[in-house]
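Hi there,

Here is the structure I promised to pass on. Have a look at it first, and my notes follow underneath.

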Amino acid sequence: MVDARGYSCPTPVVMVQKAIKEQNPATLEVAVDNQCSVENVKRFARNAGYQVTVSDFEGDFKLVLKK
Amino acid sequence: MEKESFFKRYGLLILTGIVVGGAAVLLTKFGNPANMGFCIACFLRDIAGALNFQRAGFDAEVGTGIVQYIRPEIIGLVLGATLLAVIRKEFRPKGGSSPMVRFVIAVFVMIGALVFLGCPLRMVIRIGGGDLNAVVGLVGFVIGILIGIVFLKRGFSLKRAYRQSMAEGLAFPALMAALLVLVAVAPSFIIFSKSGPGSQHAPLLLALIVAAVVGVLAQRSRLCMVGGIRDAVLFKDFRLISAFLAIIVTVMVGNLLVGNGLTFSFLEQPVAHNEALWNLLGMVLVGWGSVLLGGCPLRQLILAGEGNTDSAVTVTGFIVGAAVAHNFGLASSATDIGTGPVALAVIGGFVVLAVISVANMAKMEG
């Protein structure tokens, strides 16, 4: 899981970009704590060919990226 | 994979760009200085002046400096963002991501902006007004952003922020509300310029309302001048940069429509000098510093309005930086660069940003 809580953009997207580039995972979980990062990670992941679902995660947000 | 429609992808940002550009033209028409309808750096500098942190261009005859005024635009931007963030339940106080380092970066970003004479937003507005010196600034701005991106790619981060109390998050919006009272009441200890750009301003209520609308749109769209170029380079994402272009086009068209004038030249542009080297280097400092901060001065105001206390500290750094820039003769005038140690400050700024960039490059947690 990429835990990007506490980071503001573009850091969460850079973290996800790195994880995808290095591991090319079929699924990836990402935690973020603000709506702006949710939107940015979602957009980036979709462009990289992933389906994205967002859910609540301890009062923050969890994104599940699936190929 | 679902495809976003063009409208959904770019609509809100282009609309925001048009409104910001239109607001700049409108506020100039109603009294703000030319090509300065909207400028975060200039307006924070004026606020520093109103609080007597600087008295640049002090004129003994009228008894005030030339850039002293509490700009309601700043207040409106922040409170507009706060309002929408509260309504959308996005008001989440957080902070603690290297606040002191942010403060230092902010001081140098402001010095760079005042060497150039404008924040990234005013740079875009100046380009829209035909000021070719601002195109030189843009080149510097892009160079600065590219330098910042090199460090972002190597894991640069100012570390994570943590949740803060509601009181901490509301402190900055409350400060803005206090400034609003001061500008409305205008007590004698608050200084408003009687000559120069500080004396030129749109009516209070108009400036406040227009800025609040911009604040609402900027909060919703995440408008950011630095983010536009950064995301285009880093992620091939052209959303934010579409607003950047929309502002330029709107300002050009707007200036022609209302008769503010539009002449493409380097010379005799309003509140601008044509020292190319310093226009360029000033904006390198702004671009680089803003990437490290995660957003341009406008974006910092919006984030501070959303309860981000790191951004609130950053804005405080901008105000201090403005005072430093004017008190030590680093800020440019409309004819020339400052009379103080400008080179030392700008080069010193690069050294400080380089140290901060390298020191925070360590592997990210998580």
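Strand 3 and strand 4 of chain A run antiparallel and are joined by seven bridges. Please keep in mind that this is a predicted model. Within that pair, Val52(A) stands opposite Leu65(A) of strand 4 of chain A. Two residues lie between the strands in this hairpin, and Glu58(A) has a positive phi near 50° there.

The hairpin belongs to an open sheet in chain A, made of four strands in the order 1-2-4-3 with mixed pairing. Strand 1 and strand 3 (51-57) of chain A are at the edges with a single partner strand each, so one side of each has no neighbour in the sheet. Strand 2 of chain A pairs with strand 4 (residues 60-66) of chain A in the antiparallel sense, over six bridges. Strand 1 of chain A and strand 2 of chain A, on the other hand, run parallel and are joined by two bridges.

If you want one residue to click on here, try Val30(A). Its bridge partner in strand 4 of chain A is Leu63(A), and Val30(A) of strand 2 of chain A is also the bridge partner of Val2(A).

Which side chains of strand 2 of chain A are buried? As a general point, side chains in a regular strand alternate between the two faces of the sheet. Strand 2 (residues 27-32) of chain A shows this alternation: Leu28(A), Val30(A) and Val32(A) point to one face and are buried. Thr27(A), Glu29(A) and Ala31(A) point to the other face and are not buried.

Two helices lie across the strands of chain A. Helix 1 of chain A lies across strand 1 and strand 2 of chain A, and runs at about 165° to strand 2 of chain A. Helix 2 of chain A lies across strand 2, strand 3 and strand 4 of chain A, and its angle to strand 4 of chain A is about 0°.

Now to where the chains meet. In chain A, 20 residues are in contact with 17 residues of chain B. Strand 1 (2-3), helix 1 (11-23) and helix 2 (35-47) of chain A are the elements that give two or more residues to the side of chain A that touches chain B. Helix 2 of chain A gives the most, with five residues. By class, the residues on that side of chain A are 10 nonpolar, six polar and four charged.

Over in chain B, I looked at two helix pairs. Helix 11 (residues 276-293) of chain B packs against helix 14 (residues 342-359) of chain B at an angle of about 25°, with the axes 10 Å apart. The two helices, helix 11 and helix 14 of chain B, are therefore roughly parallel to each other, and their crossing is left-handed. Among the residues that make the contact are Trp278(B), Leu285(B) and Trp288(B) of helix 11 of chain B, along with Val346(B), Phe350(B) and Leu353(B) of helix 14 of chain B. The contact as a whole has 10 nonpolar, four polar and no charged residues.

The other pair is helix 2 (residues 40-50) of chain B and helix 13 (residues 309-327) of chain B, whose axes come within 8 Å and cross at roughly 70°. That makes helix 2 of chain B roughly perpendicular to helix 13 of chain B. Leu44(B), Arg45(B), Ile47(B) and Ala48(B) of helix 2 of chain B meet Phe318(B), Ile319(B), Ala322(B) and Ala323(B) of helix 13 of chain B. By class, this contact has seven nonpolar, no polar and one charged residues.

Finally, two loop residues in chain B. Leu262(B) is in the loop between helix 10 (239-258) and helix 11 of chain B. Is Leu262(B) buried, exposed or partly exposed? With 15 other C-beta atoms within 10 Å, Leu262(B) is partly exposed. Its C-alpha atom is separated by 5.4 Å from that of Gly129(B), although the two residues are 133 residues apart along the chain. Beyond its neighbours within four places in sequence, Leu262(B) is in contact with residues including Gly130(B), Met252(B) and Asn255(B).

Ser157(B) lies in the loop between helix 6 (133-153) and strand 2 (162-163) of chain B. Ser157(B) has 24 other C-beta atoms within 10 Å and is buried. Ser157(B) and Ser97(B) are 60 residues apart along the chain, and their C-alpha atoms are separated by 9.0 Å.

Best wishes

Methods
Residues are numbered from 1 along each chain as its sequence is written. Chains are lettered from A and ligands numbered from 1 in the order in which they are written. This is a predicted model: local features need pLDDT of at least 70, side-chain atom pairs count only at pLDDT 80 or more; totals for chains, interfaces and linings use all residues. Two residues are in contact if their C-beta atoms, placed from the backbone, lie within 7 Å. Ala, Val, Leu, Ile, Met, Phe, Trp, Tyr, Cys and Pro count as nonpolar, Asp, Glu, Lys and Arg as charged, and the others, Gly among them, as polar. Axes are lines fitted to C-alpha atoms, for helices over the stretch in contact, and angles run from 0 to 180 degrees between N-to-C directions. Angles under 35 degrees count as roughly parallel, over 145 as roughly antiparallel, 65 to 115 as roughly perpendicular and the rest as oblique. A crossing is left-handed if the near helix is turned anticlockwise from the far one by less than a right angle, and right-handed if clockwise. A residue is buried if 20 or more other C-beta atoms lie within 10 Å of its own, exposed if 12 or fewer, and partly exposed in between; C-beta atoms are placed from the backbone. Two strands pair if DSSP finds at least two bridges between them.
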